[in-house]
Amino acid sequence: MFSGRVAVVTGSAQGLGKVFSGVLLERGSKVCISDVNQSELEKTYKEFKSKYAENVISQQCDVTDSEQLKEVFRKTKDTYGQLDLVVNNAGIVNEKNWQQCIDVNLNGTIRGTMLGMEYMRKDKGGKGGLILNMSSLAGIFPVNYTPAYAASKHGVIGYTRSWSMHPDVVNNGVRLVCLCPAFVDTDMIKMDDDSKFVGTDLAQQVIEKFGIMSTDHIIPVFVNAIEDEENNGSVISITLKGANKIPLPMP
Ligand SMILES: NC(=O)C1=CN([C@@H]2O[C@H](COP(=O)(O)OP(=O)(O)OC[C@H]3O[C@@H](n4cnc5c(N)ncnc54)[C@H](O)[C@@H]3O)[C@@H](O)[C@H]2O)C=CC1
Ligand SMILES: CCCCCC(=O)/C=C/C=C\C/C=C\C/C=C\CCCC(=O)O
């Protein structure tokens, strides 16, 4: 399932993207890691390269820049000859620069999804594959201290579900899945920047209520989403209590 498969992971210099890339490499996949943060990307690349040799390549990329993202996909296909998995993981929390928050989280995911479909659809020369989009519990619940972030993550769910129901995508072997974790122990949830939240105290209270998961808690759900080839269109919440498929809301 993993061996010999080829993946693109955005925002993979650190945090969940780095963990996902490590999981794929450990299981024998080939991965193009990419991130806007060049210095952190270089460190992660060196770490992976020493363990996984030619199974890892790296390409600096800001997901708000279509040309940079196209280059990631081009380089991956040129190097490994195929593409099987896209993890649209790059994300930020920034309520002051809410335009950037939407552009990275939602538009970046849309860009990555469109490229993924272009490279993986059978009618476009691909072999099918999976597009795994990172949403959040904030894509399911309203969140009063991060309205723009919540909007971006609600958008990711709507966008992913919509394509997963399109016959041209389904019939050409591409499936799409959304992961929606609660708080995970990465830099994202650090209270290190006033621009992140509209009320750090509100954020702190909710984090205390939900608790913080280790990145290890997310790995089995990530692995299962890849292994379960019947899984298309699922939106999966992940909390300390476990993982659940969120039913499609009906009017
Ligand atoms: N940590 C958490 O509690 C949760 C995180 N998520 C989502 O998981 C994903 C990964 O987040 P974490 O690993 O927690 O955060 P993180 O802050 O540790 O890592 C995010 C990575 O994305 C990169 N990035 C930021 N802007 C970028 C851009 N324009 N282009 C390319 N790369 C960019 C950063 O440089 C960083 O390496 C995000 O989409 C986030 O919204 C979802 C739910 C909970
Ligand atoms: C503080 C950083 C936010 C970014 C990281 C992230 O995506 C984490 C989100 C986790 C949970 C946020 C979602 C919902 C919480 C808000 C209210 C839910 C209340 C539900 C209840 O109590 O029944």
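This is a walk through the model in your viewer, one selection at a time.

Before you click, know that this is a predicted model, where local features need pLDDT of at least 70, side-chain atom pairs count only at pLDDT 80 or more, and totals for chains, interfaces and linings use all residues. Residues are numbered from 1 along each chain as its sequence is written, chains are lettered from A and ligands numbered from 1 in the order in which they are written, and side-chain values use heavy atoms, with hydrogens and water left out.

**Stop 1: the whole chain**

Show the protein chain as a cartoon. You should find eight helices and eight strands; these are DSSP runs (helices are H or I, at least four residues; strands are E, at least two), numbered from the N terminus. The C-alpha trace spans about 50 × 45 × 35 Å along its principal axes. The radius of gyration is 17 Å, which agrees with the value near 18 Å for a compact globule of 251 residues; that radius is taken over C-alpha atoms, and the globule rule is 2.2 Å times the number of residues to the power 0.38.

Switch on the surface. It comes to about 11400 Å² of accessible area, 51% of it belonging to carbon and sulfur atoms (Shrake-Rupley method, 1.4 Å probe; for residues, only the protein chains shown count as cover). Of the 251 residues, 52% are buried, where buried means under 20% relative accessible area, with a 1.4 Å probe and protein chains only.

**Stop 2: ligand 1**

Select ligand 1 and whatever has a heavy atom within 4 Å of it. That brings up 28 residues, the closest being D35, N89, Y149, V184 and T186. By class they are 15 nonpolar, nine polar and four charged (nonpolar: Ala, Val, Leu, Ile, Met, Phe, Trp, Tyr, Cys and Pro; charged: Asp, Glu, Lys and Arg; polar: the others, Gly among them).

Now look for N or O pairs within 3.5 Å. A backbone N or O atom of L16 sits 2.8 Å from a ligand 1 oxygen. The side chain of D62 has an N or O atom 2.9 Å from a ligand 1 nitrogen, and the side chain of K153 has one 2.9 Å from a ligand 1 oxygen. On its own ligand 1 exposes 830 Å², and the protein buries 93% of that. Colour α1 (15-26) and α5 (147-164): these are the elements that give two or more residues to the shell.

**Stop 3: ligand 2**

Move to ligand 2. Here 17 residues make the shell, with S136, Y149, F183, F197 and K209 nearest. The split is 15 nonpolar, one polar and one charged. Helix α7 (residues 200-210) supplies the largest share, three residues.

Which oxygen neighbours can you pick out? A polar side-chain atom of S136 lies 2.6 Å from an oxygen of ligand 2, one of Y149 lies 2.6 Å from a ligand 2 oxygen, and one of K209 is at 2.5 Å. The protein covers 81% of the 630 Å² that ligand 2 has on its own.

**Stop 4: inside the fold**

Select S152 in helix α5. S152 counts as buried because its relative accessibility is 0%. Leaving out residues up to four places away in sequence, S152 touches C101, I102, N105 and L106 (contact: heavy atoms within 4.5 Å).

Finish on helix α8 (residues 219-227), where I219, V221, F222, V223, A225 and I226 are buried. Their cover includes α1, β4 (85-88), β5 (129-134), β6 (174-181), β7 (235-239) and β8 (242-245).

Key
A polar contact is a pair of N or O atoms within 3.5 Å; within protein, one must be able to donate a hydrogen and the other to accept it, and residues adjacent in sequence count only if both atoms are side-chain atoms. Buried means under 20% relative accessible area, exposed over 50%, partly exposed in between (1.4 Å probe, protein chains only).
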